[in-house]
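I opened my notebook to go through one structure step by step. The entries below follow the order in which I looked things up.

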Amino acid sequence: MKSLKVVFLGTPEFAKTALEAIHQSHHEVVGVVTVADKASGRGQKIAQSPVKVFAVEHHLPVFQPEKLRNPEFLEELRKLDADVFVVVAFRMMPKVLFEMPKMGTFNLHASLLPDYRGAAPINYAIINGEEKSGATTFFINEKIDEGHILLQEELTILPDENAGSLHDRLMEMGAKLVVKTLDGLAENSITERPQPQVEHPKNAFKIFKEDTRIGWNKNAKEIHQFILGMSPYPAAFTTLKIGEEEKGLKIFGGRFEIADHGKPAGTLDISKNEFKIYAEDGIYFPTELQLEGKKRMNIKDFLNGFRSFENIQMA
């Protein structure tokens, strides 16, 4: 089978797994493009992206341009004479870059396009209670996530699966799909096809801090899916009032019951043995949480951390 010369562009763990799969295949990675190193954490230590760490360990040429239109960077890439560029969890690319390789540039997206275009497809698939997700490889064009589809595979979402678990399964599936796409392009056996025209495709917009606040006036099932869809990252949160102090409370998981309770949505019952938050049509029981300033813990350890429950309420 023909071997392709590949330039890989990506940043997080999701991308690193795809890079590793290409590196282990018969295709040749001739260059890796990732974000610049940056200081992070309390000690402001210089952190390298998972993609860079892998590339350095395996002696692959690494490029970390501040600007993707930088003429010197573009010239360096041209010299690599790659057949194809592969993009996984990177950033917006200028036309001068994605049109460079003779076979084009394709992207791996963690959804069944055209649904869930955008930055957070895995989170929104869980939040919306989808029964299936999947991965798509498609040629990049000037519109975000709208290029012609190359290959697509479905994955069943498991009951009570959270975004972290789905992420990890799609990461493995996506890595294999990237290699399969390279094989198909090498053999000229893939027929690219336009994405289906859907009047209202489901969106996966970038998630900001305020988007992660739990709306307790929703029904219990929606709240449960929202918490799963934000878990473990960026994490759904609510606010507790402990005495006169307000503290953020991240909730990573729990269970719910449909019940006619007659209590206002968003109020709670808390004691040594239970923590119940009332939704519109039922009760939510958190099982894993993290109070601001504390570490993540199970519900038993969380409740054991309080001497009294009289002055605790929802803010």
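Entry 1. I started in the middle of a sheet, where I found Val86 standing opposite Phe106 in S7. I noted that this is a predicted model.

Entry 2. I then asked which way S6 and S7 run relative to one another, parallel or antiparallel. They pair in the parallel sense, and I counted 4 bridges. As background I wrote down that the strands of a sheet pair through backbone hydrogen bonds, either parallel or antiparallel.

Entry 3. I turned to the pairing of S6 with strand S1, which covers residues 5-10. These two strands run parallel and are joined by 5 bridges. In this pairing I found Val7 opposite Phe85 in S6.

Entry 4. I asked how many residues of strand S6, residues 84-88, are buried. The result is 5 of its 5 residues, so I put the strand down as mostly covered, taking buried to mean under 20% relative accessible area. Next I looked at where the side chains of S6 go. Val84, Val86 and Val88 point one way, while Phe85 and Val87 point the other way. All of these residues are buried, whichever way they point.

Entry 5. I followed S7 to its pairing with strand S8, residues 132-139. Here the two strands run antiparallel, with 4 bridges between them. Phe106 has Phe139 as its bridge partner in S8. I had already met Phe106 opposite Val86.

Entry 6. I wrote out the whole sheet. It is an open sheet of 7 strands in the order S5-S2-S1-S6-S7-S8-S9, and the pairing is mixed. Why do strand S5 (62-63) and strand S9 (149-156) each have one side without a neighbour in the sheet? They stand at the edges and each has a single partner strand, so one side of each is left without a neighbour.

Entry 7. I checked the backbone for cis peptide bonds. One runs from Ser231 to Pro232, with omega near 5°. Another joins Tyr233 and Pro234, with omega about 5°. Pro232 is in the loop between helix H7 (220-229) and strand S10 (236-242). Pro234 lies in the loop between H7 and S10.

Entry 8. I stayed with that loop for Ala235, which is placed between H7 and S10. Ala235 has a positive phi of about 85° although it is not a glycine. Is Ala235 buried or exposed? Its relative accessibility is 3%, so Ala235 counts as buried.

Entry 9. I found a positive phi at Tyr116 too, about 60°, and Tyr116 is not a glycine. Tyr116 is in the loop between strand S7 (105-109) and helix H5 (121-127). At 5% relative accessibility, Tyr116 counts as buried.

Entry 10. I ended with the chain as a whole. I listed 8 helices and 16 strands. The C-alpha atoms fill a box of roughly 70 × 45 × 30 Å along the principal axes. Of the 315 residues, 48% count as buried. The chain exposes about 16400 Å², and carbon and sulfur atoms supply 49% of it. Among contacts between residues at least 6 apart in sequence, 65% join residues at least 24 apart. Last, I looked up the charges: the mean positions of the 39 positive and 44 negative charges are 4 Å apart.

Methods. Residues numbered from 1 in each chain as written. Predicted model: local features only at pLDDT ≥ 70, side-chain atom pairs only at ≥ 80, totals over all residues. Heavy atoms only, no water. Buried < 20%, exposed > 50% of the residue type's maximum accessible area, 1.4 Å probe, protein only. Pairing = 2+ DSSP bridges. Contact = heavy atoms within 4.5 Å. Areas by Shrake-Rupley, 256 points an atom, 1.4 Å probe, with all protein chains shown as cover. Lys, Arg positive; Asp, Glu negative; His and termini not counted. Charge placed at Lys NZ, Arg CZ, Asp CG, Glu CD.
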